[in-house]
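Visitor: I am new to this structure and should be grateful for a close look at a single part of it. Please describe that part and its surroundings in one connected account.

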Amino acid sequence: TKLATIADLHKVQLKKQFSDVEILKEGDVKVGGEDAYEMEFTGVLGGENMHGRYIVLTSSTNLYAVLGGVNAGLWNDLKDTIDASIQTFKKQ
């Protein structure tokens, strides 16, 4: 199964976790040197506007979802830190 297809299924979950979800961009990326699919999004969680990245990766036996987010007002200041944190992900 292609990562984009798996990501489409995860959009449903993202919309269950956050309200008013908007996918700003999506596409293939590398995370920790591995092929992945990323969705950059905004949404509301507990009344707070959030901005984040939702990453989907697979291995032969596992599916991984990595979420990095922050209050939307802090996104520009912290997005590099979030990206660096996401890049530390390693498959088991």
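Guide: In this predicted model, the side chains of glutamate 38 and arginine 53 are joined by a polar contact of 3.5 Å. Glutamate 38 belongs to strand E2, which covers residues 34-45. With a relative accessible area of 13%, glutamate 38 falls under the 20% limit and is therefore buried. Leaving aside residues up to four places away in sequence, glutamate 38 touches Lys25, Glu26, Gly27 and Val29, as well as Arg53, Tyr54 and Ile55.

Strand E2 also has a part in the surroundings of helix H1. The buried residues of H1 are covered by elements that include E2, together with strand E1 (19-31), strand E3 (48-58) and strand E4 (63-71). Those buried residues of H1 are Leu3, Ile6, Ala7, His10, Lys11 and Leu14. The helix itself has 15 residues and spans 20 Å from its first C-alpha to its last, close to the 21 Å expected at 1.5 Å a residue. A kink of about 25° in H1 is centred on leucine 9.

Lysine 15 is likewise found in H1, which comprises residues 3-17. Its relative accessible area is 52%, over the 50% limit, so lysine 15 is exposed. Between lysine 15 and glycine 43 there are 8.4 Å in space, C-alpha to C-alpha, although the two are 28 residues apart in sequence.

Notes:
Residues numbered from 1 in each chain as written. Predicted model: local features only at pLDDT ≥ 70, side-chain atom pairs only at ≥ 80, totals over all residues. Heavy atoms only, no water. Helix = DSSP H or I, 4+ residues; strand = E, 2+ residues; numbered from the N terminus. Buried < 20%, exposed > 50% of the residue type's maximum accessible area, 1.4 Å probe, protein only. Polar contact = N/O pair within 3.5 Å; in protein donor to acceptor, adjacent residues only side chain to side chain. Contact = heavy atoms within 4.5 Å. Expected span 1.5 Å × (residues − 1). Bend = angle between axes of the 7 residues up to and from the residue.
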